[in-house]
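Please look over the sequence and the model below before reading on; the paragraphs that follow move from single strands and loops to the chain as a whole.

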Amino acid sequence: MSSSDTSVLIVGGSLVGLSTALFLTHHGIACTMVERHPGTSIHPRAVGYYPRTGELLRQAGAEEAAKRAASGFENHRTRAGVESLAGEVLFSREELAGADDLGDVTPARLLLLPQDRLEPVLRARAEELGARLLFGTELLSFEEDPEGVTAVLGAADGTSRTVRSDFLVACDGPDSMVRETLKVPRHGRGVLSRHVSIAFGADLKQVLGDRRYSVVHVKNPQVTGILVHDDTLTGGTLIVGRDAEHEEGLDTFTDARCAELVSAAVGAPGVEVTIRSRFPWDMAEQIAEGYVHGRVLLAGDAAHVIPPTGGYGANTGIADAHNLAWKLALVLQGSAGTALLDTYDAERRPVGEYTAQQASLQLAVRSGTATPEQRAELVDELTVTMGQSYRSTAIVPEAGHEQCPDPCDPRTLRGAPGTRAPYVILEGRGGPVSTLDLFGEGFVLLAGERGTPWAVAATAGARRWDADVTAWRVVAERADEAGVLKDPEGLWADRYGVGAEGAVLVRPDGYVAWRSDGAEPAGDETGVLTEVLRAVLARI
């Protein structure tokens with residue numbers, strides 16, 4: 001690290017900013033996050049997190065706390081269309097159908113948890129790991145130079161100070177001041193519609209009975225919108241459209257008007273409604289034309305605005321932070337060249353593009369405007385969130401093999417470079433070990449039973465480039481020695497696409513960087529793996 005005040009300055013303290021702080025401190029990087037609001041979100045906003053997000057939180061030690069916070073929402077799985085909560089049900093279906101049958105894919109599960117309840121979990125874990133989180137602090141200006149970034153921060157009391165950092169990560173939302181200052185253009189369909197989220201209090205126990213909804217689409221003569229209720233059944237959020245073209249601003253949504261809209265959505269005249277807050281936002285599809293700008297990097301809504309259909313926005317932003325954090329860590333620790341950061345753009349921008357397109361397709365399907373061609377292009381949520389493949393210099397493709405098309409059903413993935421490393425339960429000295437729990441710190445090399453040369457080569461390559469590489473051999477019968485894991489069900493070789501003499505190198509983010517299905521014909525495993533690490537680490 002240089003003489004900077006902090007290694008990484010994170011601008012914006014919502015889900016993505018907090019996740020960036022969490023993942024960076026997990027990798028041992030000092031960081032400072034600034035957020036202009038006095039604390040975490042008071043608005044429920046995003047409510048659903050797919051299993052892949054659970055896997056990422058698991059790596060950083062935050063999954064269990066998130067699961068506890070979400071425990072009251074475990075039965076909130078039904079998406080429905082209603083005239084009102086007390087009225088006729090027009091349709092209903094289960095969210096992420098089959099989410100309870102993913103034991104062959106992941107140990108994580110779908111989490112339903114409002115953003116205002118998840119953010120404190122992320123904050124607590126990030127602070128526990130040493131992140132410096134400054135709420136009530138705003139970025140006023142910044143200047144980037146070849147050695148770092150100089151930023152001027154303003155406090156709530158009107159004072160300001162200058163902070164020097166090695167890198168700046170912009171997580172400051174769709175109207176990102178950082179992106180606008182850099183004049184980064186965006187493309188996409190732009191703003192599709194404008195909305196207001198109304199957080200309210202109301203006793204919904206008698207209205208709901210034993211029903212528990214994840215999302216409710218309400219349509220009646222008085223109100224059209226989307227309603228989400230909390231696990232206490234004492235409140236929720238109603239999302240309605242606003243006509244910005246006719247200057248229907250936030251000030252027109254008075255407490256009285258909002259209470260009328262919520263009452264119409266509830267449909268039970270005897271239920272008293274109180275208004276807690278209002279939050280304006282735009283449904284949009286916009287992608288920044290570049291996530292990496294020297295020492296300034298964009299993440300989350302600052303990089304991509306994704307229509308909320310499918311609930312992909314928050315999940316994609318958290319995955320951005322996860323992808324970026326380990327790369328920043330290796331660059332700052334001197335194990336990787338700065339060109340590794342360019343792979344953040346190469347890997348995550350196509351994912352942002354594709355995910356935004358899928359969300360727009362879902363919007364068209366739900367609105368009844370989708371063409372047959374659009375319906376054919378729509379894929380399931382598990383494939384969108386867990387089946388992406390990366391193409392960058394941090395991935396070494398296999399000679400003579402076609403890269404997995406994007407997207408892939410995660411059940412069909414077989415350890416190809418650029419894809420998420422499959423989940424298999426192995427056995428170590430202390431008992432069962434999930435392959436996913438092997439990942440998250442440094443690189444991991446998994447070799448077949450006769451893959452000792454690859455394990456030896458991993459140690460040599462790690463020493464050559466001062467990299468963190470842990471090597472394991474996966475065997476059929478025994479697991480009573482160091483560096484050996486047993487494959488009791490005989491699944492590992494098939495899931496990872498390697499033989500007894502083969503090996504696979506997995507990155508800190510759990511993505512496969514390189515694979516060999518057998519031994520090196522020339523017998524130079526050390527030379528091969530040393531070159532692989534050089535390429536992945538951008539050590540020119």
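Val 444 stands opposite Thr 470 in strand S22, in a predicted model. This pair of residues belongs to the pairing of S21 with S22 (residues 469-475), two strands that run in the parallel sense and are joined over five bridges. Strand S21, which covers residues 443-447, is mostly covered, since five of its five residues are buried. The side chains divide between two directions, with Phe 443, Leu 445 and Ala 447 pointing one way from S21 and Val 444 and Leu 446 pointing the other way, and all of them are buried.

Just ahead of S22 in the sequence lies a residue with an uncommented backbone angle that can be looked at next: Asp 466, whose place is in the loop between helix H12 (452-465) and S22. The phi of Asp 466 is near 55 degrees, a positive value in a residue other than glycine. Asp 466 has a relative accessible area of 57%, and because exposed means over 50%, this aspartate counts as exposed.

A positive phi also appears at Leu 233, which is not a glycine either and has a value of about 60 degrees. Leu 233 is found in the loop between strand S13 (224-229) and strand S14. Is Leu 233 buried or exposed? With a relative accessible area of 7%, Leu 233 is buried, because the cut-off for that class is under 20%.

The strands on either side of that loop, S13 and S14, both take part in an open sheet of eight strands, which has the order S5-S4-S12-S13-S14-S11-S15-S18 and mixed pairing. Strand S5 (89-94) and strand S18 (304-305) stand at the edges of this sheet, and each has a single partner strand, so one side of each is left without a neighbour in the sheet. Further in, strand S11 (residues 186-201) and strand S14 (residues 235-241) run antiparallel and are joined by seven bridges; within this pair, Ser 197 stands opposite Ile 239 in S14.

The edge strand S18 is also the place of Val 305. Although S18 has one side without a neighbour in the sheet, Val 305 has a relative accessibility of 8% and therefore counts as buried. Which residues does Val 305 contact, leaving aside its neighbours within four places in sequence? They are Pro 174, Arg 186, Ala 284, Glu 285 and Gln 286. Pro 397, by comparison, is 92 residues from Val 305 in sequence and 31 Å from it in space, C-alpha to C-alpha.

These elements can now be placed in the whole chain, which has 14 helices and 25 strands. With 540 residues, a compact globule would have a radius of gyration near 24 Å, and the chain agrees with this because its own value is 24 Å. The C-alpha atoms fill a box of roughly 80 × 55 × 45 Å, taken along the principal axes. Of the 540 residues, 57% count as buried, and among contacts with a separation of 6 or more, 71% are between residues 24 or more positions apart.

The accessible surface of the chain comes to about 22000 Å², and 49% of that area belongs to carbon and sulfur atoms. As for charge, the chain has 51 positive and 75 negative charges, and the mean positions of the two sets are 1 Å apart.

Key. Residues are numbered from 1 along each chain as its sequence is written. This is a predicted model: local features need pLDDT of at least 70, side-chain atom pairs count only at pLDDT 80 or more; totals for chains, interfaces and linings use all residues. Side-chain values use heavy atoms; hydrogens and water are left out. Helices (H or I, at least four residues) and strands (E, at least two) are DSSP runs, numbered from the N terminus. The radius of gyration is taken over C-alpha atoms; the globule rule is 2.2 Å times the number of residues to the power 0.38. Buried means under 20% relative accessible area, exposed over 50%, partly exposed in between (1.4 Å probe, protein chains only). Contact means heavy atoms within 4.5 Å. Accessible areas come from the Shrake-Rupley method with a 1.4 Å probe; for residues, only the protein chains shown count as cover. Lys and Arg count as positive and Asp and Glu as negative; His and the chain ends are not counted. The place of a charge is taken as NZ of Lys, CZ of Arg, CG of Asp or CD of Glu. Two strands pair if DSSP finds at least two bridges between them.
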